[in-house]
Amino acid sequence: MEKPRYIDPTSDFGFKRIFASEPNKDLLISFINELFRGQKTVVDLSYDKNEFVGDTDELGSVILDLTCTASNGERFVIEVQRTSQVNFKRRMLYYGSKLIADQAPKGKRKEWAYDISEVYVIVLMDGFAMPGSEHTEQYLHDVCLCDRDTGKVFYDHLEFFYIELVNFVKEESELQTDLESWLFVLKNMSRLDKIPVYLRKPIFEKLFQIAEYSKLSKEEKAMYDVSLKRKWDNKAVLDFAKEEGRKEEAIAIAREMKKEGLPVAQIAKFTKLSIKEIENIK
């Protein structure tokens, strides 16, 4: 198989190489600031704890815990994930809550006034959509606690950014912001053979240099190939599960239509099942 010029940044290896090292933290800072869209500006960050595939039992997960410093001097916590679909919403809530709980002083301390810093969880979703929003075109979800009736923000120091790359469909000529440029690169870099003209800015030029496959060592190439195969295998499993789910739904519909006495040919046309499959439904 012909090797691409650039690695896939949404593979575990690619995500780690681009975002999880001190020399490249300017890339991560740039990406985070575009997500904040003026809400705040990160000027520095430190890596507190990183977890990669192999560190945990979960397949397809990379976790970066960061302490960030904003332009006004405030410090807050961010967790960035390249994650899988298993128990998705509950896991994200757990991770965000744990970042808050970990700030509590150890042992008994009556004077503590719950002085906790802001917590943000950034989730890069590759190949699947947010459960419950599969049929929308929205690719960025900015989620916080709010009043259900009024929509007024109840607590704005716990926030989740969910990025659905599967819903980002803009081409190079349609890009209007640096955030869109980042999402375009994350989704499409591995199929490009050169840096697009619109992305000829220092931060993206550095990104493309780091991501060149030819610059990897022999060991790194082997690690990347394994990581990419793992990603493809994981995608195949998810695709199969989705297809099985759609078929089960079609069978349930066909069963009800048979109970109503509708013609088999009509049921087949509506559900896309074969006539034999419909006849075998009990």
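# Salt bridges, rings and strand E4

Biologist: Which residue forms a salt bridge with Lys-40?

Modeller: The closest N and O atoms of this pair are 2.7 Å apart in the predicted model. The cut-off is 4 Å, so the contact counts. The partner of Lys-40 is Glu-74.

Biologist: How many residues apart are Lys-40 and Glu-74?

Modeller: Lys-40 is in the loop between H2 and strand E1 (42-51). Glu-74 is in the loop between strand E2 (62-70) and strand E3 (75-83). The salt bridge links distant parts of the chain, with a separation of 34 residues.

Biologist: Is Lys-40 buried or exposed?

Modeller: Its partner Glu-74 has a relative accessible area of 25%, so Glu-74 counts as partly exposed. For Lys-40 the value is 9%. Under 20% is the criterion, so Lys-40 is buried.

Biologist: Which ring does the charged end of Lys-40 sit over?

Modeller: Lys-40 has this ring contact as well as its salt bridge to Glu-74. The charged end is 4.8 Å from the ring centre. The ring is that of Phe-76.

Biologist: And which ring does the charged end of Lys-201 sit over?

Modeller: The distance to the ring centre is 5.4 Å here. The limit is 6 Å, so that distance passes. The ring belongs to Tyr-198.

Biologist: How many salt bridges does the structure hold?

Modeller: Side chains of opposite charge can pair when their charged atoms come close. Glu-171 and Arg-191 are one example, at 3.6 Å from N to O. That pair links the loop between E6 and helix H4 (178-188) to the loop between H4 and H5. The total is 14.

Biologist: Is Arg-191 buried or exposed?

Modeller: Glu-171 is at 41% relative accessibility, so it counts as partly exposed. Arg-191 is at 51%. The line is drawn at over 50%, so Arg-191 is exposed.

Biologist: How many residues apart in sequence are the parts tied together by Arg-5 and Glu-212?

Modeller: Arg-5 and Glu-212 form a salt bridge, with the closest N and O atoms 3.9 Å apart. Arg-5 lies in the segment before H1, whereas Glu-212 lies in the loop between helix H5 (202-210) and helix H6 (218-259). The pair therefore ties together parts separated in sequence by 207 residues.

Biologist: Which residue is linked with Arg-5 and Glu-212 in a network of salt bridges?

Modeller: Arg-5 is partly exposed at 40% relative accessible area. Glu-212 is buried at 14%. The network takes in one more residue, Lys-215.

Biologist: How many aromatic pairs does the count come to?

Modeller: Ring centres must lie within 6.5 Å to pair. Ring pairs link Phe-15, Phe-19, Phe-31, Trp-182 and Phe-204 into a cluster. The count of aromatic pairs is 16.

Biologist: What kind of aromatic pair do Phe-36 and Phe-161 form?

Modeller: Their centres are 5.6 Å apart. The planes meet at 80 degrees, over the limit of 60, so the class follows. The pair is edge-to-face.

Biologist: Which strand does Phe-36 reach through Phe-161?

Modeller: Phe-36 lies in helix H2 (residues 25-36). The pair ties together parts 125 residues apart in sequence. Both rings belong to buried residues. Phe-161 lies in strand E6.

Biologist: Are the rings of Phe-160 and Tyr-162 stacked or edge-to-face?

Modeller: The centres are 6.0 Å apart and the planes are at 5 degrees. Phe-160 is buried at 7% relative accessibility, and Tyr-162 is buried at 6%. An angle under 30 degrees decides the class, so the pair is stacked.

Biologist: Which residue of E4 stands opposite Phe-161?

Modeller: E4 and E6 run parallel, joined by 7 bridges. In E4, 7 of 7 residues are buried. One side carries Val-119, Val-121, Val-123 and Met-125; the other carries Tyr-120, Ile-122 and Leu-124. Opposite Phe-161 stands Ile-122.

Biologist: How many residues of helix H1 are buried?

Modeller: H1 covers residues 12-19 and is mostly covered. The buried set is Asp-12, Phe-13, Gly-14, Phe-15, Ile-18 and Phe-19. Of its 8 residues, the number buried is 6.

Biologist: How many disulfides does the count come to?

Modeller: A disulfide is a covalent bond between the sulfur atoms of two cysteines. The sulfurs of Cys-146 and Cys-144 are 5.9 Å apart, too far for a bond. Cys-144 is partly exposed at 29%, and Cys-146 is partly exposed at 44%. The disulfide count is 0.

Definitions and conventions
Residues are numbered from 1 along each chain as its sequence is written. This is a predicted model: local features need pLDDT of at least 70, side-chain atom pairs count only at pLDDT 80 or more; totals for chains, interfaces and linings use all residues. Side-chain values use heavy atoms; hydrogens and water are left out. Helices (H or I, at least four residues) and strands (E, at least two) are DSSP runs, numbered from the N terminus. Buried means under 20% relative accessible area, exposed over 50%, partly exposed in between (1.4 Å probe, protein chains only). A charge sits over a ring if NZ of Lys or CZ of Arg is within 6 Å of the ring centre and within 35 degrees of the ring normal. Two strands pair if DSSP finds at least two bridges between them. A disulfide is a pair of cysteine sulfur atoms within 2.5 Å. A salt bridge is a side-chain nitrogen of Lys or Arg within 4 Å of a carboxyl oxygen of Asp or Glu.
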